[in-house]
Amino acid sequence: MHTLYLSCLALGILFAFVSLLAGDLIGHALGGLFDFLSFDVLSPSVLAGGITVFGGAGILLTRYSGLEGGAVLILSLLISAFMSVLLYMGFVKPMDKSEVSTGFSMSELPGKIGEISVPVPAQGFGEVMVKFGAANTLHTAASFDRRPLTAGTKVVVVEVSEGVAFVSELE
């Protein structure tokens, strides 16, 4: 049984390293082959976490509890199931609901309020920071009114032309 517990622990640790280093590469290589099997409860992080906890609990209980092999197996399975539920409820489920996209279109910029991060001269370019959702985006800016704008000035984007946001001071 010790070999089973050690194997599960090693498999879980190996899975953690592989998913950390090459998780996106493997996901793109498979091209969504297993998307039809996507149950949140059976996510790879929950399964791998459960297997790892099973192995670790088995090793620790065998070494330090003095219980018989069958009792250690059942207790390890219970600990693993409990920790898997905690992992799912504490990490997987909340993170599933917290996805935020930072994607936007340049056509959405007019009317947005921003702040000058790099001063904009009367005849030239600077930089404006505009908040989109949870993220701040930086854009090349020019003065719509042909007046210089200092860093920290609140501005409104009037129009966008050829990738340049033309801004005017917010009054």
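Me: Buried means under 20% relative accessible area, exposed means over 50%, and partly exposed is in between (1.4 Å probe, protein chains only). What share of the 171 residues of the protein chain counts as buried?

Reply: In this predicted model, where local features need pLDDT of at least 70 and side-chain atom pairs count only at pLDDT 80 or more, totals for chains, interfaces and linings use all residues. Residues are numbered from 1 along each chain as its sequence is written, and side-chain values use heavy atoms, with hydrogens and water left out. On that footing, 26% of the 171 residues count as buried.

Me: Okay, and what makes up the secondary structure of the protein chain?

Reply: You get 3 helices and 5 strands, where a helix is a DSSP run of H or I with at least four residues and a strand is a run of E with at least two, numbered from the N terminus. Going from the N terminus, the order is α-α-α-β-β-β-β-β.

Me: Why is Thr137 called buried?

Reply: Its relative accessible area is 12%, and the cut-off is under 20%, so Thr137 counts as buried. Thr137 lies in strand β3. Contact means heavy atoms within 4.5 Å, and beyond its neighbours within four places in sequence, Thr137 is in contact with Phe104, Val128, Met129, Val130 and Phe132.

Me: What makes the Thr137 and His139 pair a polar contact?

Reply: The two side chains come to 2.8 Å. A polar contact asks for a pair of N or O atoms within 3.5 Å; within protein, one must be able to donate a hydrogen and the other to accept it, and residues adjacent in sequence count only if both atoms are side-chain atoms. So 2.8 Å passes the distance cut-off. Over in helix α2 (residues 44-64), where Thr52 is found, a polar atom of the Thr52 side chain lies 2.7 Å from the backbone oxygen of Ala48. Leaving aside neighbours within four places in sequence, Thr52 is in contact with Cys8, Leu9, Gly12 and Ile13.

Me: How do you know that β2 and β3 pair?

Reply: DSSP has to find at least two bridges between two strands, and 7 bridges join strand β2 (residues 126-132) to strand β3 (residues 135-143), so the two pair, running antiparallel. Val130 stands opposite Thr137 in β3. The hairpin has 2 residues between the strands, and Gly133 there takes a positive phi near 65°.

Me: And what joins β3 to β5?

Reply: There, 3 bridges join β3 to strand β5 (residues 164-169), and these strands run parallel. Against a minimum of two bridges, that is a pair, too. Ala141 stands opposite Ala165 in β5.

Me: Why is the pair of Lys154 and Glu115 called a salt bridge?

Reply: A salt bridge needs a side-chain nitrogen of Lys or Arg within 4 Å of a carboxyl oxygen of Asp or Glu. Lys154 and Glu115 meet at 3.5 Å, N to O, so the pair qualifies. Since Lys154 is in strand β4 and Glu115 in strand β1 (residues 113-118), the pair ties together parts 39 residues apart in sequence. Lys154 has 45% relative accessibility and Glu115 28%, and both values fall in the partly exposed range.

Me: How many salt bridges does this rule give?

Reply: The count comes to 2. Arg147 also forms one with Glu169, with the closest N and O atoms 3.4 Å apart. That pair links distant parts of the chain, 22 residues apart: Arg147 in the loop between β3 and β4, Glu169 in strand β5.

Me: What is unusual about phi of Arg146?

Reply: Most residues other than glycine have a negative phi. Phi of Arg146 is near 60°, a positive value; Arg146 is found in the loop between β3 and β4 (154-161). Glu162, in the loop between β4 and β5, has a positive phi of about 55°. At 82% relative accessibility, Glu162 is over the 50% cut-off, so it counts as exposed.

Me: Why is Phe82 called exposed?

Reply: Its relative accessible area is 52%, and exposed means over 50%, so Phe82 makes the cut. Phe82 is in helix α3 (residues 69-97). Phe82 is also one of the residues in a nonpolar surface patch, with Leu67, Ile74, Leu75, Leu78, Ile79, Met83 and Leu86, together about 720 Å² of accessible area. Patch residues have over 30% relative accessible area and no salt bridge; like charges are joined within 9 Å, nonpolar side chains (Val, Leu, Ile, Met, Phe, Trp, Tyr) within 5 Å.

Notes
Areas by Shrake-Rupley, 256 points an atom, 1.4 Å probe, with all protein chains shown as cover.
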